[in-house]
Amino acid sequence: MSEVATSVAYYDAYYFSRLFKKHTGYPPSQLRLNNKKLI
């Protein structure tokens, strides 16, 4: 997660995770799990 956060100019992965959940309605980990199920 920290790699993704820094690639979009957020150097705090926790802060990025909170913003992601606020805007999408679910945490980044849930997105990751859903994508693994699709593959």
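Let me start with burial: of the 39 residues in this protein, 10% count as buried. Please keep in mind that we are looking at a predicted model. The protein exposes about 3400 Å², and carbon and sulfur atoms supply 57% of that area.

Now the fold. The protein has three helices and zero strands, and along the sequence that reads as α-α-α. Helix α1 covers residues 2-7, helix α2 covers residues 13-24, and helix α3 covers residues 28-38. For those of you who like box dimensions, the C-alpha trace spans about 30 × 20 × 10 Å along its principal axes.

A word on annotation. An unreviewed UniProt entry labels residues 1-34 as "domain: HTH araC/xylS-type". In the model, that span is 74% helix and 0% strand, and its end C-alpha atoms lie 15 Å apart.

Let's go into helix α1, to alanine 5. Is alanine 5 buried or exposed? Its relative accessibility is 0%, so alanine 5 counts as buried. And what does alanine 5 touch, once we leave aside its neighbours within four places in sequence? The answer is Tyr10, Ala13 and Phe16. For a sense of distance, take leucine 33, which is 28 residues from alanine 5 along the chain: the two C-alpha atoms are separated by 18 Å.

Moving on along the chain, we come to the loop between α1 and α2, where alanine 9 sits. Here is one for the torsion enthusiasts: phi of alanine 9 is near 70°, a positive value in a residue other than glycine. Alanine 9 is exposed, because its relative accessible area is 52% and the cut-off for exposed is over 50%.

Two of the contacts I listed for alanine 5, Tyr10 and Phe16, bring us to the rings. How many aromatic pairs does the structure hold? There are four. In one of them, tyrosine 10 and phenylalanine 16 are 5.9 Å apart centre to centre, with 40° between the planes, and that pair is tilted. The two partners differ in cover: tyrosine 10 is partly exposed at 32% relative accessibility, whereas phenylalanine 16 is buried at 12%.

Then there is the pair of phenylalanine 20 and tyrosine 26. Their ring centres are 6.3 Å apart and their planes stand at 75°, so this pair is edge-to-face. The reasoning is simply the angle, because planes over 60 degrees apart count as edge-to-face. Tyrosine 26 itself is partly exposed, with a relative accessible area of 34%.

Which residues do the ring pairs link into a cluster? They are Tyr10, Tyr15, Phe16, Phe20 and Tyr26.

Tyrosine 15 deserves a stop of its own. This residue is found in helix α2, and at 34% relative accessibility tyrosine 15 counts as partly exposed. Together with Val8 and Tyr10, Tyr15 makes a nonpolar surface patch of about 250 Å². That gives Tyr10 and Tyr15 a place in the ring cluster as well as in the surface patch.

Last stop, helix α3, with leucine 31. At 31% relative accessibility, leucine 31 counts as partly exposed. Not counting residues up to four places away in sequence, leucine 31 touches Phe20 and Tyr26, and those are the two rings of our edge-to-face pair. Between leucine 31 and alanine 13, which are 18 residues apart along the chain, the C-alpha separation is 15 Å.

To pull this together for you: alanine 5 in helix α1 is in contact with Tyr10 and Phe16 among others, leucine 31 in helix α3 touches Phe20 and Tyr26, and ring pairs link these four aromatic residues, together with Tyr15, into a cluster. Thanks, everyone, and I'm happy to rotate the model while we chat.

Notes: Residues are numbered from 1 along each chain as its sequence is written. This is a predicted model: local features need pLDDT of at least 70, side-chain atom pairs count only at pLDDT 80 or more; totals for chains, interfaces and linings use all residues. Side-chain values use heavy atoms; hydrogens and water are left out. Rings of Phe, Tyr and Trp (its six-membered ring) pair if their centres lie within 6.5 Å; planes under 30 degrees apart count as stacked, over 60 as edge-to-face and the rest as tilted. Buried means under 20% relative accessible area, exposed over 50%, partly exposed in between (1.4 Å probe, protein chains only). Patches are made of residues with over 30% relative accessible area and no salt bridge: like charges are joined within 9 Å, nonpolar side chains (Val, Leu, Ile, Met, Phe, Trp, Tyr) within 5 Å. Accessible areas come from the Shrake-Rupley method with a 1.4 Å probe; for residues, only the protein chains shown count as cover. A salt bridge is a side-chain nitrogen of Lys or Arg within 4 Å of a carboxyl oxygen of Asp or Glu. Helices (H or I, at least four residues) and strands (E, at least two) are DSSP runs, numbered from the N terminus. UniProt positions are given in the numbering used here, feature names are shortened, and annotations may be inferred rather than shown by experiment. Contact means heavy atoms within 4.5 Å.
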